Amino acid sequence: MRWNLSIYSSKIHELLNLQHQLFSAFAQHYPQANDFTLLLNFPRSGAIVVDGRRWNFVKHGVGLRFVRELPAPHLVVEMHDQFGDCAKVDWWRLTLFLESMGVTIERVGAEQAVLEHYRHAQ
């Protein structure tokens with residue numbers, strides 16, 4: 001499926017909103033997790049609830065991957081680096097989010113959508 005940049009823009013805003021909600025719920029549920037550089041005092045895995053929906057997470061490297069249990073599709077929000085920065089989006093975060101919705105995007109398209117997002121955000 002091929003989408004134009006304006007549709008990607010709405011998905012980027014949806015992703016950013018989810019990142020903010022997930023980060024807020026995580027920070028509230030795990031207040032002791034405050035090493036946002038290396039995530040040394042973060043749990044390796046767990047779950048949080050956002051808007052009545054359970055999201056499971058796994059820590060990896062310097063990031064967290066959140067997967068929504070229900071309803072389908074099992075959305076993926078991958079905050080693979082700079083976990084505390086809810087306004088960050090990059091081609092990798094966007095690609096995994098879209099793919100979890102069943103939307104295929106090539107790296108070049110994702111990079112272009114992210115560049116367009118930042119250009120309009122200035």
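Here is a short friendly exchange about helix H2 and its surroundings in a predicted model.

Colleague: Glad to look at this with you! How do the axes of H2 and H3 cross, roughly parallel or roughly perpendicular?

Modeller: Helix H2 covers residues 91-100 and helix H3 covers residues 107-121. Their axes come within 9 Å and cross at roughly 115 degrees. That crossing makes H2 and H3 roughly perpendicular.

Colleague: And is the crossing of H2 and H3 left-handed or right-handed?

Modeller: Happy to add that one. For the pair H2 and H3, the crossing is right-handed.

Colleague: Which residues of H3 are met by H2?

Modeller: From the H2 side, Trp91, Leu94 and Thr95 take part. The residues of this contact divide into five nonpolar, one polar and two charged. On the H3 side, the partners are Arg107, Ala110, Glu111, Ala113 and Val114.

Colleague: How many of the ten residues of H2 are buried?

Modeller: The buried residues of H2 include Arg93, Leu94 and Thr95, and also Leu96 and Phe97. Leu98 and Ser100 are buried too. H2 is mostly covered, and the number of its buried residues is seven.

Colleague: Which residue caps the N-terminal end of H2?

Modeller: Look at the loop between strand E4 (76-79) and H2, where aspartate 90 has its place. A side-chain oxygen there lies 3.1 Å from the backbone nitrogen of tryptophan 92. The capping residue is aspartate 90.

Colleague: Is aspartate 90 buried or exposed?

Modeller: Leaving aside neighbours within four places in sequence, aspartate 90 is in contact with His80, Asp81 and Val114. Its relative accessibility is 12%. The cut-off for buried is under 20%, so aspartate 90 counts as buried.

Colleague: What is the length of the polar contact that joins the side chains of aspartate 90 and histidine 80?

Modeller: Good one to check on the screen! Histidine 80 is among the residues in contact with aspartate 90. The polar contact between the two side chains is 2.7 Å.

Colleague: What phi does glycine 102 take?

Modeller: Glycine 102 comes just after H2. Its phi is positive, at about 90 degrees.

Colleague: Turning to helix H1 (residues 5-29), what is the relative accessibility of phenylalanine 26?

Modeller: Phenylalanine 26 is found in H1. Not counting residues up to four places away in sequence, phenylalanine 26 touches Ala33, Phe42, Pro43, Ile48, Phe57, Leu64, Phe66 and Phe83. Phenylalanine 26 counts as buried, with a relative accessibility of 0%.

Conventions:
Residues are numbered from 1 along each chain as its sequence is written. This is a predicted model: local features need pLDDT of at least 70, side-chain atom pairs count only at pLDDT 80 or more; totals for chains, interfaces and linings use all residues. Side-chain values use heavy atoms; hydrogens and water are left out. Axes are lines fitted to C-alpha atoms, for helices over the stretch in contact, and angles run from 0 to 180 degrees between N-to-C directions. Helices (H or I, at least four residues) and strands (E, at least two) are DSSP runs, numbered from the N terminus. Angles under 35 degrees count as roughly parallel, over 145 as roughly antiparallel, 65 to 115 as roughly perpendicular and the rest as oblique. A crossing is left-handed if the near helix is turned anticlockwise from the far one by less than a right angle, and right-handed if clockwise. Contact means heavy atoms within 4.5 Å. Ala, Val, Leu, Ile, Met, Phe, Trp, Tyr, Cys and Pro count as nonpolar, Asp, Glu, Lys and Arg as charged, and the others, Gly among them, as polar. Buried means under 20% relative accessible area, exposed over 50%, partly exposed in between (1.4 Å probe, protein chains only). A polar contact is a pair of N or O atoms within 3.5 Å; within protein, one must be able to donate a hydrogen and the other to accept it, and residues adjacent in sequence count only if both atoms are side-chain atoms.
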